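Visitor: Could you take me in for a close look at one arginine and what surrounds it? I'd like the local picture first, and then how it sits in the rest of the model.

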Amino acid sequence: MNYNITGAPFPVLSCELSSGESIICQRGAMVWMTQNVHMETSGGGIGKMFSRVVSGESVFYNTYTAQGGNGMITFGTNCPGNILKFDISPSTTIVAQKGSFLASSPSVNYDLFFQKKLGAGFFGGEGFIMQKFSGNGALFLEIDGSVVEYSLSPGESMLVDTGYLAAMEATCSVDIEQVKGIGNALFGGEGFFNTRVTGPGRIWLQTMPLPQFAKSLIPYIPTKSS
């Protein structure tokens, strides 16, 4: 599959499909395609449907297949940011934030990823439930804002503010760390907890989580006069 990502900060993903080749996507992600690309909607069983709901995705997903020759399909994102491509393989499993899935090869498996430590889920800001992608093939995720990648050595950690962890290799672990000092926690503007991500593995951080972006617009939204 050949692909091209253009148009940041409002990017689109264009994929060239060979005859008979398919790609799956989040419901509503397609923005344009050639006439010979055909769609089929499915849910993949009760278990898979439940998993998608819990992880913030739509219940159904769409499979697009080029028929009678090569085809082209383009997908768009839900917010300003970037589209990041991963090569999933038996040695590369990716864990990502809820709602980040855009599209993938049909051979990429989707599962729920539960934080092993409850504290990391309830207080770390990344959510108790994330998404895990394994198998083989291409995976495309939506990233809020720009993306910065780090490679962590075994035992090396990065402290991340709430919501800024977009994705990580499954070899990494996540925990929380309380902000030291009551004054720092109350008046520092960073909240009471940070997320600690520990290697080995790569992590991808996003520069403008969607909730933070929405919060920044609140002062500029007119309020209804009483």
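Guide: Let's start with R202: at 30% relative accessibility, this arginine counts as partly exposed. Keep in mind that we're looking at a predicted model. R202 belongs to strand 19, residues 201-206, and its side chain has two acidic partners to talk about.

Take E169 to begin with. E169 and R202 form a salt bridge whose closest N and O atoms are 2.9 Å apart. E169 sits in strand 16, residues 165-169, so to speak a distant part of the chain, with the two positions 33 residues apart in sequence. Is E169 buried or exposed? At 15% relative accessibility, E169 counts as buried, because the cut-off for that label is under 20%.

Now the other partner. E149 meets R202 in a salt bridge too, with 3.8 Å from N to O. That value fits the criterion, because a salt bridge here needs the nitrogen within 4 Å of the carboxyl oxygen. E149 lies in strand 14 (residues 147-152) and R202 in strand 19, so this pair ties together parts that are 53 residues apart in sequence. E149 is partly exposed, at 44% relative accessibility. Put the pieces together and E149, E169 and R202 are linked in a network of salt bridges.

How many salt bridges does the structure hold? There are four, and one of them joins R196 and E177, at 2.2 Å from N to O. Here R196 comes from strand 18 (residues 193-198) and E177 from strand 17 (residues 173-178), 19 residues apart. Both ends of that pair are partly exposed: R196 has 27% relative accessibility, and E177 has 25%.

Stepping back to the sheets, there's an open one of six strands, in the order 5-6-3-10-13-8, with antiparallel pairing. Its edges are strand 5 (37-42) and strand 8 (81-88), each pairing on one side only. From one strand to the next, the twist averages 20 degrees. Inside this sheet, strand 10 (residues 101-104) and strand 13 (residues 137-144) are antiparallel partners over three bridges, and S104 has L139 of strand 13 as its bridge partner.

Another open sheet has four strands in the order 1-2-7-4, again paired antiparallel. Strand 1 (2-6) and strand 4 (30-33) are the edge strands. Neighbouring strands there are turned by 20 degrees against each other on average, ignoring direction. Strand 4 meets strand 7 (residues 71-76) over three antiparallel bridges, with M30 bridging to F75 in strand 7.

A few single residues are worth a stop as well. F114 is in strand 11, residues 108-114, and is partly exposed at 43% relative accessibility. Its C-alpha is 4.8 Å from that of I129, although the two are 15 residues apart along the chain. Over in the segment after helix 4 (210-217) you'll find I218, which counts as exposed at 55% relative accessibility. I218 joins L217 and I221 in a nonpolar surface patch of about 280 Å².

What about disulfides? Searching the whole structure turns up zero. For C25, the nearest cysteine sulfur is that of C15, 9.8 Å away, whereas a disulfide would need the sulfur atoms within 2.5 Å. C25 is buried, with a relative accessible area of 0%, and C172 is buried too, at 5%.

Conventions:
Residues numbered from 1 in each chain as written. Predicted model: local features only at pLDDT ≥ 70, side-chain atom pairs only at ≥ 80, totals over all residues. Heavy atoms only, no water. Pairing = 2+ DSSP bridges. Axes fitted to C-alpha atoms, helices over the stretch in contact; angles between N-to-C directions. Buried < 20%, exposed > 50% of the residue type's maximum accessible area, 1.4 Å probe, protein only. Patch = residues over 30% accessible without salt bridge, like charges linked within 9 Å, V, L, I, M, F, W, Y side chains within 5 Å. Areas by Shrake-Rupley, 256 points an atom, 1.4 Å probe, with all protein chains shown as cover. Salt bridge = Lys/Arg side-chain N within 4 Å of Asp/Glu carboxyl O.
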